[in-house]
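Q: Please give me a close look at a single part of this structure. I would like one connected account of that part and of what lies around it.

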Amino acid sequence: MAVRLLISVLIISLVSLTYASDPAPLQDFCVAVKDDDAKVFVNGKICKDPDMVSADDFLFPGPNMPGLNVPGNTSNPLGSKVTPVNVNQLPGLNTFGISLVRIDYAPYGLNPPHTHPRATEVLVVVEGTLYVGFVTSNPADPKVKNKLFTKTLKPGDVFVFPEGLIHFQFNVGKNNAVVFAGLSSQNPGVITIANAVFGSDPPINPDVLTKAFQVDANVIKYLQGQFWWNID
């Protein structure tokens, strides 16, 4: 009985690991086709003919594109800019379950609360001082609040944001800040919380948001009337 239990636990563990991130590829590579109409929703995008693949398919930046050595333009209301390198910019990443970003922050610039629905993120600070954090999912006990984990990071520090959880980064210094981050998906996705809730098209019925946030309807209408900025 003990042996069977041990085997069952091992099988469950292996199954859990198998589905912990993007599906594993069954071939050497699957360079994405750059045709927006040629998409599949199982394991990335349709593959390019392997005989037509070249080294350029695995290189970023492409022709006439800035590399990650070039700072992003932070002259926007949030004071930050994400430069992504995922399957949409680097077709050779298709099916590999990995991508990265560079994020630039002006003084007091913010990468607002958001989630990556398909990826865990590991972030390393290159320049500046950042206040970062993430919030846990709803606890089983309704009397317990979601827990906030925060740290103030300096150059060389590394911090992990678990997959799907709301997180943020705020430059608390007087100088520019720069980070690089790896994500465990070739297409991690981003849901910026304020943009999604107050800036959707068509807008969410104000009655829903008034009840959800327990505020006056005029506050909701004001928020829905703002311009919600995307930094990526």
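A: Asn 111 is a convenient place to start: leaving out residues up to four places away in sequence, Asn 111 touches Ser 80, Val 82, Ile 103, Tyr 105, Phe 168, Gln 169 and Ile 231. The model is predicted. Asn 111 belongs to strand β3, residues 110-115, and counts as buried because its relative accessibility is 6%. In UniProt, an unreviewed entry puts a "binding site" feature at Asn 111, His 116 and Glu 121.

A "binding site" listing in UniProt, also from an unreviewed entry, names His 114, His 116, Glu 121 and His 167. These four positions span 54 residues in sequence, but no two of their C-alpha atoms are more than 11.9 Å apart, so they gather at one spot.

Glu 121 appears in the listing with Asn 111 and also in the listing with His 114 and His 167. Glu 121 is placed in strand β4, which covers residues 121-127. Its relative accessibility is 2%, so Glu 121 counts as buried. Not counting residues up to four places away in sequence, Glu 121 touches Ile 103, His 116, Phe 159, Val 160, Phe 161, His 167, Gln 169, Ala 181, Gly 182 and Leu 183. Ile 103 and Gln 169 thus occur among the contacts of Glu 121 and also among those of Asn 111. The Glu 121 side chain makes a polar contact of 3.1 Å with the side chain of His 116. A polar contact of 3.0 Å joins the side chains of Glu 121 and His 167.

His 116 sits in the loop between β3 and β4. Despite the loop position, His 116 counts as buried, because its relative accessibility is 7%. Apart from residues up to four places away in sequence, His 116 touches Glu 121, Glu 163, Gly 164, His 167, Leu 183, Pro 188, Gly 189 and Val 190.

His 167 lies in strand β8, residues 166-171. With a relative accessible area of 1%, it is buried. Beyond its neighbours within four places in sequence, His 167 is in contact with Pro 112, Pro 113, His 114, Thr 115, His 116, Glu 121, Gly 133, Phe 134 and Phe 161. That list includes three residues of the "binding site" listing, His 114, His 116 and Glu 121.

The strand that holds Glu 121 has two partners to consider. β4 is joined by four bridges to strand β7, residues 158-161, and the two run antiparallel. In this pairing Val 122 stands opposite Val 160 of β7. β4 also pairs in the antiparallel sense with strand β9, residues 177-183, over six bridges. Here Leu 123 stands opposite Ala 181 of β9. Val 160 and Ala 181 are also among the residues that Glu 121 touches.

Leu 123 leads from the site to the nonpolar interior. The largest nonpolar core has 19 residues, of which Tyr 105, Leu 123, Leu 130 and Val 179 touch the most other members. Two or more residues of this core come from each of β2 (99-105), β4, β5 (130-135), β7 and β9. The largest share, four residues, comes from β9. Setting aside neighbours within four places in sequence, Leu 123 is in contact with Tyr 105, Leu 153, Asp 157, Val 158, Phe 159, Phe 161, Gln 169, Val 179, Phe 180 and Ala 181. Tyr 105 is also touched by Asn 111. A second, separate core has five residues, including Phe 60, Leu 68, Val 85 and Leu 90.

Phe 60 also takes part in a backbone feature: the peptide bond from Phe 60 to Pro 61 is cis, with omega near 5°. Pro 61 is in the loop between α1 (2-18) and β1 (80-85).

In sequence, a loop residue comes shortly before Asn 111. Tyr 108, in the loop between β2 and β3, has a positive phi of about 65° although it is not a glycine. Its relative accessibility is 46%, so Tyr 108 counts as partly exposed, whereas Asn 111, at 6%, counts as buried.

Key. Residues are numbered from 1 along each chain as its sequence is written. This is a predicted model: local features need pLDDT of at least 70, side-chain atom pairs count only at pLDDT 80 or more; totals for chains, interfaces and linings use all residues. Side-chain values use heavy atoms; hydrogens and water are left out. Two strands pair if DSSP finds at least two bridges between them. UniProt positions are given in the numbering used here, feature names are shortened, and annotations may be inferred rather than shown by experiment. Buried means under 20% relative accessible area, exposed over 50%, partly exposed in between (1.4 Å probe, protein chains only). Contact means heavy atoms within 4.5 Å. A polar contact is a pair of N or O atoms within 3.5 Å; within protein, one must be able to donate a hydrogen and the other to accept it, and residues adjacent in sequence count only if both atoms are side-chain atoms. A nonpolar core is a set of buried Ala, Val, Leu, Ile, Met, Phe, Trp, Tyr and Cys residues joined through side-chain atoms within 4.5 Å.
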